[in-house]
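This report is for a reader at the bench who wants a plain account of a structure. Please have the sequence and the model open while reading.

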Amino acid sequence: MSHHDVSYLEPKGSFWQTVWSWVYTIDHKKIGVMYLTAVLLAFLLGGLFALAVRAELFTPYQTIVTETGETITKGEALRFIADRWVENGSTLTVNNVYNRFFTAHGAIMVFLFIIPAVPAALGNFFLPIMLGAKDVAFPRLNLMSWYIYVFGSLLAVYSLVNGGVETGWTFYTPYSTTTNWGSTTAMLLSAFILGFSSIFTGMNFIATVHKLRVPGMGWFDMPLFVWAIYATAIIQVLATPVLGITLLMLVFERTFQIGIFDPALGGDPVLYQHFFWFYSHPAVYIMILPGFGIASELLAVHCHKKIFGYRAIAFSSIAIAAISFIVWAHHMFTAQSVALNAIFSALTFLVAIPTAIKVFNWIATMYKASISINTPMMYAMYFLFCFTIGGLTGPPLATLASDIHLHDTYFVVAHFHYVMMGGTVLAFIGGLHHWWPKMFGKMYWEPGAQLAGILVFVGFNVTFFTQFFLGTRGMPRRYATYIEELTTLHQISTIGSWILALGLFLHLFVFIHSLAAGKPAPKNPWGGLTFEWETESPPVEHNFPHEPVIVHGPYDYESVVPPHCDPAEYPVARPPAGGANGTNGTNGTNGTHHA
Amino acid sequence: MTSVTTTNGDAGANGRELEPHEAYVPGAHWRNAHDEAEAAKLGMWLFLGTEILLFSGFFCAYAVFRMWYPENWHDASRYYLSWKIGFANTCVLLLSSYTVVLAIRAAQQNKKNWILIHLLITNLCALFFLVVKIGWEYIPKIQKGELPGGLFTYYNPQGEFDHIFLSIYWISTATHGFHVLVGIFVISWAMWLAAKGHYGPKHYTSLENVGLYWHIVDIIWIFLFPLLYLV
């Protein structure tokens with residue numbers, strides 16, 4: 001029983017025994033930490049490609065012939081690479097290199113980073129702990145999905161090194177079937193394999209939520225992060241197989257010329273888009289829903305207040321998951337009939353309802369709360385700000401008339417970066433700071449993290465708000481060149497990307513500094529009420545020294561002093577009954593168990 | 001994960017060694033064996049859902065092209081596929097679904113030998129299916145050039161879009177055939193566990209899950225057969 005008291009990070013014997021204890025572990029915490037390392041590496045790699053893309057766009061591609069007949073070529077930031085990537089005996093153009101760079105950026109960020117980032121890293125680590133469980137339902141399957149992820153990621157990197165892909169992360173036919181450039185097949189197989197990892201993780205989480213809640217924990221006693229991960233897992237299980245078969249058919253198309261996406265053989269390229277978006281639109285919610293979950297946790301804990309509208313937030317996650325399956329054809333407004341467009345446009349507007357419910361509930365949670373200003377809380381507010389902009393720029397794209405103008409412009413690029421980066425990534429960084437002391441048992445350098453956060457927030461907005469203007473002025477996406485009139489806006493955007501990168505590298509420094517020289521973390525540094533704050537920092541091998549008992553809801557701040565906190569610092573300010581927000585389904589401090 | 005070094009793993013009442021299924025204890029993170037078995041089945045059902053969604057891609061593609069080329073579809077089905085071969089394979093798969101249920105029944109009744117016999121029959125049916133599929137369909141088709149899409153070289157096409165029909169035929173039946181092959185491996189694994197005494201009335205979760213997987217492989221064929229052979 002002694003291992004019950006030892007931290008999961010404790011070395012096991014010799015160096016190689018310790019390495020082996022990680023490589024062969026079935027502990028969800030170690031798997032979560034390994035995922036975290038891998039997704040952060042992927043984020044770095046994808047980010048470097050993004051910086052290269054922005055660098056290329058610093059000046060328009062233009063060739064000027066001077067009076068003396070000398071040719072001066074501007075805006076060819078990637079020329080030095082183009083000259084070195086020789087294929088089929090000929091030199092590639094800058095456009096080819098540019099295509100490969102934005103495809104690499106998109107594919108890495110989507111498949112290697114953002115889809116696994118929150119569920120597989122933070123979800124793996126905290127979902128079982130928040131439920132009071134010792135592990136996920138299928139620990140060996142969890143390890144297997146980690147190694148599938150590693151294998152798929154290596155295949156993606158191989159594809160990049162071996163020539164790269166030019167199709168964009170969406171692999172649209174016929175470009176993805178006719179071009180022999182690069183190693184598109186390897187990238188397709190990589191995304192196919194990564195899909196299995198995602199499916200297995202989703203299955204694992206669903207079974208864990210259903211079967212491993214601590215006795216007495218009802219569905220409405222679960223933290224909202226768990227609800228969000230659960231909704232995500234449903235989409236992962238239901239949508240990813242369709243992507244799998246789509247990519248497999250594309251591989252067959254490339255290898256056996258099956259022709260079902262090839263108009264020359266009687267096939268249809270738009271069919272590919274339907275298949276692809278049937279997965280990839282729900283996948284957008286695989287990316288954002290976990291961010292919603294983190295935001296709920298951050299806001300409740302750092303406002304020390306019961307979350308406003310617990311059930312509304314929980315059910316809106318499920319509603320978003322459900323609606324996500326019936327909006328896919330809004331990616332094809334320019335390629336289908338007017339009747340279909342009208343239907344899918346109307347369905348798309350539905351997404352705004354549950355999303356707005358969440359945003360209003362979060363803002364209501366902050367109302368009259370005693371807010372702690374620290375890095376996680378600042379990130380929660382950055383998230384609210386940026387995600388709201390991202391959300392509000394959705395309706396102009398769902399509106400048919402304006403979409404025809406904005407389709408495939410930088411407006412779309414800015415919109416989805418505000419949702420993906422301004423939503424998920426900012427929430428992810430906030431969540432990482434929130435849970436960092438628990439994961440590694442070390443506090444981080446707060447002023448440094450706050451400064452980095454400000455840089456990220458400013459850099460992000462400078463980079464992407466500019467792109468809304470670029471888009472409305474007609475700058476199409478995926479072009480290495482543009483008209484000279486847009487130079488200033490592009491340069492502002494590129495400078496923003498440098499500020500953003502500076503902030504992110506400062507975050508990296510703060511994390512490394514914390515691991516090397518951080519102060520030991522207390523068990524409950526923020527005063528949280530969910531189960532992870534009851535155990536040690538870092539948690540012991542089986543998460544809890546003793547199985548926890550549920551005696552209060554996850555956000556009952558008005559009636560409970562958080563565990564391991566000084567009661568003097570947490571006077572129970574509000575009377576338990578008849579409070580300002582009587583919307584919660586959890587019962588109070590009486591410890592009644594309901595199944 | 002099974003373990004015979006357990007707290008209740010000592011000798012039974014009559015002093016004999018306990019079989020592994022009698023000495024079974026759930027994984028360390030489970031509160032009891034019932035929850036573990038329920039979770040395993042839930043996980044399997046979710047996986048089966050993903051399998052159906054995976055094949056739904058083929059069914060959607062099938063629906064689109066059949067709608068576009070209905071007459072060509074009818075002619076191609078009659079000309080290239082023999083319903084007799086398809087029917088024979090349907091029969092063996094139905095039989096194998098029955099025997100895999102009998103294997104689970106035998107586990108519930110603690111008849112180890114009958115588990116093995118029924119699983120063996122199931123596996124022989126699966127093997128028969130693959131031999132017929134490859135020997136009587138795939139190889140002749142490859143020889144005659146009745147191949148998908150751009151590889152189609154058959155000298156006497158029935159219509160303009162035979163190759164699209166054959167594309168759907170090849171990708172859906174080959175993916176299904178791959179699932180049959182995987183089925184042979186997992187049924188063999190279940191036989192190995194059965195031979196070692198891991199299945200008994202109180203513990204046969206993985207056998208049940210293998211059975212569920214095998215049913216889904218059969219059910220997908222039940223849909224593929226009429227759609228492809230009996231149009």
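The text below takes up confidence, then each chain, then the side of one chain that touches the other.

**Basis and confidence**

This is a predicted model, in which local features need pLDDT of at least 70, side-chain atom pairs count only at pLDDT 80 or more, and totals for chains, interfaces and linings use all residues. Residues are numbered from 1 along each chain as its sequence is written, while chains are lettered from A and ligands numbered from 1 in the order in which they are written.

pLDDT is the predictor's confidence in each residue, from 0 to 100. Chain A has a mean pLDDT of 89, with 90% of its residues at 70 or more. Over residues 575-595 of chain A the value stays under 50, and the model has 37 contacts beyond four places in sequence for this stretch. Two residues are in contact if their C-beta atoms, placed from the backbone, lie within 7 Å. Where pLDDT is low, the predicted coordinates should not be read in detail.

**Chain A**

Chain A contains 18 helices and 4 strands. Helices (H or I, at least four residues) and strands (E, at least two) are DSSP runs, numbered from the N terminus. Of the 595 residues of the chain, 54% are buried. A residue is buried if 20 or more other C-beta atoms lie within 10 Å of its own, exposed if 12 or fewer, and partly exposed in between, with C-beta atoms placed from the backbone. Among contacts in chain A with a separation of 6 or more, 82% are between residues 24 or more positions apart.

The largest nonpolar core has 230 residues. Such a core is a set of buried Ala, Val, Leu, Ile, Met, Phe, Trp, Tyr and Cys residues joined through C-beta atoms within 7 Å. The residues with the most contacts inside this core are Ile108(A), Ile206(A), Val226(A), Tyr230(A) and Phe383(A). Helix H4 (residues 94-130) of chain A gives the core its largest share, 25 residues. Leaving out residues up to four places away in sequence, Tyr230(A) touches Phe205(A), Ile206(A) and Val209(A).

Helix H7 (residues 184-211) of chain A has 28 residues and should span 40 Å at 1.5 Å a residue; its end C-alpha atoms are 41 Å apart, which agrees. The expected span is 1.5 Å times one less than the number of residues in the helix. Because 23 of its 28 residues are buried, H7(A) is largely enclosed by the rest of the structure.

The same rule gives 39 Å for the 27 residues of helix H17 (residues 446-472) of chain A, and its end C-alpha atoms are 39 Å apart, which agrees. Phe464(A) lies in this helix and counts as buried because it has 26 C-beta neighbours inside 10 Å. Residues up to four places away in sequence aside, Phe464(A) touches Ala414(A), His417(A) and Tyr418(A). Just after H17(A), Gly474(A) takes a positive phi of about 95°.

Two residues of chain A other than glycine also have positive phi; they are listed here with their places.

| Residue | Phi | Place in chain A |
|---|---|---|
| His304(A) | about 50° | loop between helix H9 (269-303) and helix H10 (310-323) |
| Arg478(A) | near 65° | loop between H17 and H18 |

His304(A) is buried, with 21 other C-beta atoms within 10 Å, whereas Arg478(A) is partly exposed, with 16.

The peptide bond from Thr173(A) to Pro174(A) is cis, with omega near 0°. Pro174(A) is in the loop between helix H5 (139-161) and helix H6 (175-178) of chain A. Ser537(A) and Pro538(A) are also joined by a cis peptide bond, with omega about -10°, and Pro538(A) is in the segment after helix H18 (487-517) of chain A.

**Chain B and its side facing chain A**

Chain B has 6 helices and 0 strands. Its radius of gyration is 22 Å, well over the 17 Å that the globule rule gives for 231 residues, so chain B is more spread out than a compact globule. The radius is taken over C-alpha atoms, and the globule rule is 2.2 Å times the number of residues to the power 0.38. The C-alpha trace of chain B spans about 75 × 30 × 25 Å along its principal axes. Buried residues make up 36% of the chain.

How many residues of chain B are in contact with chain A? There are 27, and they meet 30 residues of chain A. Helix H1 (33-68) and helix H5 (162-195) of chain B each supply at least two residues of this side, and the largest share, 16 residues, comes from H1(B). By type, the side divides into 15 nonpolar, 10 polar and 2 charged residues. Here Ala, Val, Leu, Ile, Met, Phe, Trp, Tyr, Cys and Pro count as nonpolar, Asp, Glu, Lys and Arg as charged, and the others, Gly among them, as polar.
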